[in-house]
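Have the sequence and the 3D view at hand for this short tour. Please keep both open as you read.

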Amino acid sequence: MSVFAMILLTPIFLLTLAAAAFLFAVAGAVLFQTGCGKRLWRGMEDWFHVYQFLTVPELNQTKHHNHLYSKLSLYLHSLPSIQDSHFANIVTGKNPNDIVLCLAPNQTIQDHFLGATIYWFSQPAHPNPEGTGTYVLKIRKVDKRRILRPYLQHIHAVADEIEQQGKRDLRLFTNSADEFGQWRSVPFTHPSTFDTIAMEPDLKNKVKSDLESFLRAKQYYNRLGRVWKRSFLLYGPSGTGKSSFVAAMANFLSYDVFDIDLSKIPSDSDLKLLLLHTTPKSVVVIEDLDRFVAEKTERISVSGILNFMDGLITSCCAEERVMVFTMNTKEHVDPNLLRPGRVDVHIHFPLCDFSAFKTLANSYLGVKDHKLFPQVQEIFQNGASLSPAEIGELMIANRNSPSRAIRSVITALQTDGDGRGCGLTGRQKEDDEMGEPDGVVCGEGVHTVKDLRRLYSFFRFRVTRKSSSSISSLPASPLR
């Protein structure tokens, strides 16, 4: 009887198992279509070690910024899947009206590449002094061997394209006196462009063409066996627009700016270390190089500066960079420091002439032509001159009245310009001021310009050591 019962019960037992398996499969399929079911399935896969996890920290092992982290941030924030995620941070972009979705802590998004599904999530910043975050890549082991390298190359290419479209926020980096070899950065928001700087149109167009040619010349430089970099020397008196020109270059190229303060660097090796920690797509600037060379400090040697300009370290670490050096004059500088190969382009920034004055009047006052322009032109032709910074300040102070602003410039040129004794004295009667709105009046332009020059002298005294030799400007070809 017991044997018969066992035989009878065996089909029933098997049918029961089959029905249970069917119901489990149906329930699993239904659950898999829901978010809860997908997370449960991924959890089972993780438990069986189907996936591998790779981290991309914000800082590398030497506590310096990880460039892959920046490129990955640009890439992930551009993915359509971030809009379909359960959580996202909403922040403003480079412009106040731009809204950007960013990964929230522990948020997971998907990406697809070459038939594989890839997961990214953001780990929150650790409670440490750096306060850095980490991106985590989750990828199937079988897919990792096949797609990881081309996938990372794809991320670099997309991030570079976003940067070229102007979506990357530019940064200004400065070296610290407390941490040698370290950079500190702030957002670079300087508004200067090639349209706003006062420069001869032909020279300006040559510079823009030179920079555009440089951007397209990577393969050409590689074929020649040369480092893909370009170096500029900007020289001229203070207040002639050299710093604004550097900002215009950075905005034109969409490059970050690394401003090196030589007075904060203790040795040649630390200068090399700073260059090692610069990034591609950057403008590396050393200002007032002539004054530093004249001081002959024991901290940094001329040999160290030469190696910085074209040494082995530069050959290895200066790819896709623009080097800029500024001087008041080239007269007392060793020509070997400025030879071709170390400096590619020399640009002279003279005191203001009539052409530059018209550019300034258009930018500061919105005036392209004025009845006082012929008088201004005559004064310039007789040898009077001021720096663009001095003329710009006079225009700002009288910006509500273009006629008053131009008259203040005329007065300053007649009484305080470099062309003293040219016989141009007196002041025009203000016969056309009656219909213009009141503004800030520089009653005596001479006092304004003298105050500006005293202010420039004060700052030069505070931030630099007194040089033993007087430096004068040297006329030279503006671009070669």
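What follows is a short report on one strand and two loop residues.

## A strand under cover

This is a predicted model. A good place to begin is strand S9, residues 229-235, where seven of seven residues are buried. Its side chains go two ways: Lys229, Ser231, Leu233 and Tyr235 point one way, while Arg230, Phe232 and Leu234 point the other way. Residues on both sides of S9 are buried, charged names such as Lys229 and Arg230 included.

## The partners of S9

Which strands pair with S9? Strand S12, residues 321-327, runs parallel to S9, and seven bridges join the two. Within that pairing, phenylalanine 232 has valine 324 of S12 as its bridge partner.

Strand S13, residues 345-348, is also parallel to S9 and is joined to it by four bridges. Here you can look for tyrosine 235, which stands opposite histidine 348 of S13.

## Two loop residues with positive phi

Most residues other than glycine have a negative phi. Leucine 114 has a positive one, near 50 degrees, and lies in the loop between strand S4 (108-113) and strand S5 (116-123). Lysine 281 also has a positive phi, near 60 degrees, and is found in the loop between helix H8 (268-276) and strand S11 (282-286).

Are these two residues buried or exposed? Leucine 114 counts as exposed because its relative accessibility is 51%, and exposed means over 50%. Lysine 281 counts as buried because its relative accessibility is 13%, and buried means under 20%.

Terms used
Residues are numbered from 1 along each chain as its sequence is written. This is a predicted model: local features need pLDDT of at least 70, side-chain atom pairs count only at pLDDT 80 or more; totals for chains, interfaces and linings use all residues. Side-chain values use heavy atoms; hydrogens and water are left out. Buried means under 20% relative accessible area, exposed over 50%, partly exposed in between (1.4 Å probe, protein chains only). Two strands pair if DSSP finds at least two bridges between them.
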